Amino acid sequence: MEHQLYIHNSLTRKKELFQPINPPFVGIYVCGPTVYSDVHLGNCRTMISFDVMYRYLLFLGYKVRYVRNITDVGHLLDDGEDRILKATRLEQLEPMEVVQKYTNGFHNIMREFNTLPPSIEPRATQHILEQIEMVETIIKNGYGYEVNGSVYFDTVKFANEKNVYGQLSGRVIEKLHTETRDLKNQSEKKHPSDFAIWMKASPEHIMRWKSPWSEGFPGWHLECSVMSTKYLGTHFDIHGGGTDLKFPHHENEIAQNYGACNCAPSRYWIHTNMLELEGKKMSKSDGNTISPAELFSGNSPFINKGFSPIVVRFFMLQTHYRSTNDISNDALLAAEKGYRRLMEANRVLQHLSHDGTLAITDEEEQVKRLMDHVLEDMNDDFNTPKAISRLFVLSNKINSFQSGQIALNSIAPETLETLKKFFHSFIFDVLGLKEDTVGPTGTDTKVLDGLMELVLGMRQKVRTDKDWATSDKIRDSLAALNIVVKDDKEGSTWSVKN
Ligand SMILES: [Zn+2]
C-alpha cells in the first residue's frame with residue numbers, strides 16, 4: 001500500500017508511521033462500555049472517532065479485525081460496588097437483564113450515529129475460564145499473589161523487573177502508592193498500587209464464579225487483557241479508548257500482558273479526548289450535561305432545537321480526536337449548515353455532466369491537489385477537521401462548475417469522474433455520513449426544505465405588501481406544526497421544534 005499513515009502513539013507521545021504487524025491484516029481493540037446505564041455522549045464521541053479510523057483503514061485496503069468489548073462484570077465504583085449490581089439493585093432487574101437492556105440501548109445509539117458494528121463484540125462474563133487461566137499464568141510467572149481468596153498483581157515487583165510500568169500514563173511508582181482508589185482491599189495488598197485481578201465475592205455479591213482461589217469475579221483490567229489477546233493475539237496493532245482510561249485501566253492492562261506473556265499488548269495506543277459542554281467539563285452533579293436523546297430531541301436547556309444524529313456525528317468530526325470537543329448550540333448550528341453544504345455539493349456533483357470538450361486550465365491541477373490533500377490530512381493522524389475543510393473548498397468548486405463561474409471543461413472528463421467517486425466515497429464510506437432524509441418530524445427533509453422555501457417566499461411577498469395579519473397567520477399556523485419562524489433584518493429563518 002502506497003500511503004504513509006502516521007498515528008500519534010500515546011505510548012511514545014509521538015506520531016509514528018503505521019506499520020501493521022501482519023499486513024494487510026490489522027487488529028484493533030477498543031474498550032467498550034460498561035453496560036449499567038444509558039451511554040454517555042462522551043463515550044459516543046470515542047466510538048465515533050474509532051469508527052472513522054476503522055473506516056479509513058478499510059478505505060486504505062486493510063483487512064481489519066475490530067474488537068470492541070462489552071464490560072458486564074467487575075468494573076467497580078469507588079465504594080467497591082459492581083456497577084452492574086448497583087443497577088440491578090436500583091432497577092429491580094436480574095444482572096443479565098441490566099446488561100441486555102443497556103447493551104441494546106448502546107447498539108441503538110451506535111446505529112443512529114451510523115457507526116459500523118465491530119467484527120467481534122466479546123462480553124467479559126463469556127470469558128471467565130480464560131480469565132482464570134490468565135490469573136494462573138500471572139501467579140506462575142511470579143507477578144500475582146493470593147490473599148484471602150483474592151489475587152493481586154504485584155506492581156512493585158513488576159516495576160523493578162520491567163521498566164514499563166507507568167510509561168503510558170507517565171506516572172512513577174512512588175507516586176502511584178498514594179493515588180490508588182481501591183481503599184476497600186488496602187489491608188490485603190502488599191503495596192497500595194497493587195490491583196486485584198481476581199476478587200473474592202462478598203456474601204451479597206450475586207455475580208460469582210468458582211475459581212481455584214474463591215467464588216468470585218474477575219478484575220475489570222484483566223478482562224480486557226484476556227479478550228484482546230484471545231481475538232487478536234498476544235501482540236496486535238492498535239489498542240484504543242478514551243483518554244480517561246490511560247490510568248489505571250490501560251497501564252494495568254500492559255502490566256498484566258507482560259505478567260502473562262512477557263510482551264506489550266499493542267504496538268500503537270490511541271486515546272481520544274473528552275467532550276465538553278459550553279467550555280466546561282460535563283458533569284451530572286453540576287447539571288452541565290446533555291445526553292444523546294436530549295441532543296436529538298432538543299429537550300435540553302443548552303440547545304434551542306434538536307439535531308439529527310448524523311449532524312452530531314459531523315459536528316464531532318470537525319474536531320480532531322485528540323482535542324477536547326466543545327458542544328454548544330451555535331457550534332451545532334454551524335455544523336448543521338456545513339453538513340447540508342456537503343450533502344448539497346455531492347448532489348450537484350453527481351449530476352454534473354461533462355460535454356467532452358477540453359479547455360484545461362490550472363483548475364485541473366487544483367482539483368487533483370485538493371483530493372490528494374484530503375488523504376494527506378487523514379494520513380496525518382486521522383485529521384478529520386482539516387480533511388473536511390478541504391471538502392468545503394471542493395464544494396465551492398463544485399458549485400462554481402454548476403453555475404458556470406468555472407467552465408466544467410477546464411477539468412478533464414476523467415478528473416470529473418474521479419472527483420465524483422472520491423467525494424461520494426469520502427463523505428459516506430470514510431466520514432460515515434449519510435443523507436439525512438428523515439427529518440425530526442418524520443418528513444422527508446428535502447421535501448420539507450422545498451416547501452418551507454415556497455411558504456417563506458410567499459410570506460415575504462405579503463410582508464413586502466405590509467399585510468402583517470396574513471404574515472402573522474402564516475407564522476402562527478407554522479408554529480402549530482412545530483415549525484418556528486424567526487424574522488430579522490436579513491430575512492426569515494425556520495427550524496423544527498421537537
Ligand atoms: Zn478495557
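## Exercises on a predicted model

Strand β5 (residues 144-147) and strand β6 (residues 150-153) pair in the antiparallel sense, with 4 bridges between them. The model is a predicted one, in which local features need pLDDT of at least 70 and side-chain atom pairs count only at pLDDT 80 or more, while totals for chains, interfaces and linings use all residues. Residues are numbered from 1 along each chain as its sequence is written, and side-chain values use heavy atoms, with hydrogens and water left out.

**Exercise 1. Describe the strand partners of β6 and the burial of its residues.**

Step 1. Strands (E, at least two residues) and helices (H or I, at least four) are DSSP runs, numbered from the N terminus. Two strands count as paired if DSSP finds at least two bridges between them.

Step 2. On the β5 side, tyrosine 145 has tyrosine 152 of β6 as its bridge partner, and glycine 144 stands opposite phenylalanine 153. The hairpin of β5 and β6 has 2 residues between the strands, and asparagine 148 takes a positive phi near 50° there.

Step 3. β6 also pairs with strand β7 (residues 195-200), in the antiparallel sense over 3 bridges. In β7, alanine 196 is the bridge partner of tyrosine 152.

Step 4. Both faces of β6 are covered: Ser150 and Tyr152 are buried on one side, Val151 and Phe153 on the other. Buried means under 20% relative accessible area, exposed over 50%, and partly exposed in between (1.4 Å probe, protein chains only).

**Exercise 2. Identify the donors of the zinc ion and place them in the chain.**

Step 1. Donors are N, O and S atoms within 2.8 Å of the metal (3.2 Å for Na, K and Ca); water is not among the atoms, so sites may look incomplete.

Step 2. Cys31 (SG), Cys224 (SG) and His249 (NE2) coordinate the zinc ion at 2.0 to 2.1 Å. The spacing of these donor residues in sequence is C-x192-C-x24-H.

Step 3. Cysteine 224 belongs to helix α7 (residues 220-232) and histidine 249 to helix α8 (residues 246-261), 25 residues apart.

Step 4. Cysteine 224 is buried, with a relative accessible area of 1%, and histidine 249 is likewise buried, at 1%.

**Exercise 3. Characterise the largest cavity and the elements and domains that line it.**

Step 1. On a 1 Å grid over the protein atoms alone, a cavity is a set of points where a 1.4 Å probe fits but cannot get out; lining residues have an atom within 4 Å of a point. Grid points are joined across faces, edges and corners, and a volume is the space filled by probe spheres set on the points.

Step 2. The structure holds 1 cavity of 30 Å³ or more. The largest cavity has a volume of about 90 Å³.

Step 3. Its lining includes Arg45, Ile48, Met316, Leu317, His320 and Phe382. The elements that give two or more residues to this lining are α1 (41-59) and α10 (309-317), and α1 supplies the largest share, 5 residues.

Step 4. The lining divides into 7 nonpolar, 4 polar and 1 charged residues. Here Ala, Val, Leu, Ile, Met, Phe, Trp, Tyr, Cys and Pro count as nonpolar, Asp, Glu, Lys and Arg as charged, and the others, Gly among them, as polar.

Step 5. Domain 1 (6-272) and domain 2 (276-430) each give at least three residues to the lining; the domain bounds come from an automatic or database domain assignment.

Step 6. In α10, 9 of the 9 residues are buried, so the helix is largely enclosed by the rest of the structure.

**Exercise 4. Give the strand order of the open sheet that contains β11, and explain the position of its edge strands.**

Step 1. The open sheet has 3 strands in the order β12-β11-β13, with mixed pairing.

Step 2. β12 (280-281) and β13 (325-327) stand at the edges, each with a single partner strand, so one side of each is left without a neighbour in the sheet.

Step 3. Strand β11 (residues 275-277) pairs with β13 in the parallel sense over 3 bridges, and leucine 277 stands opposite isoleucine 327 in β13.

Notes. On a 1 Å grid over the protein atoms alone, a cavity is a set of points where a 1.4 Å probe fits but cannot get out, and a pocket is an open set with protein on both sides within 12 Å along at least five of seven lines; lining residues have an atom within 4 Å of a point.
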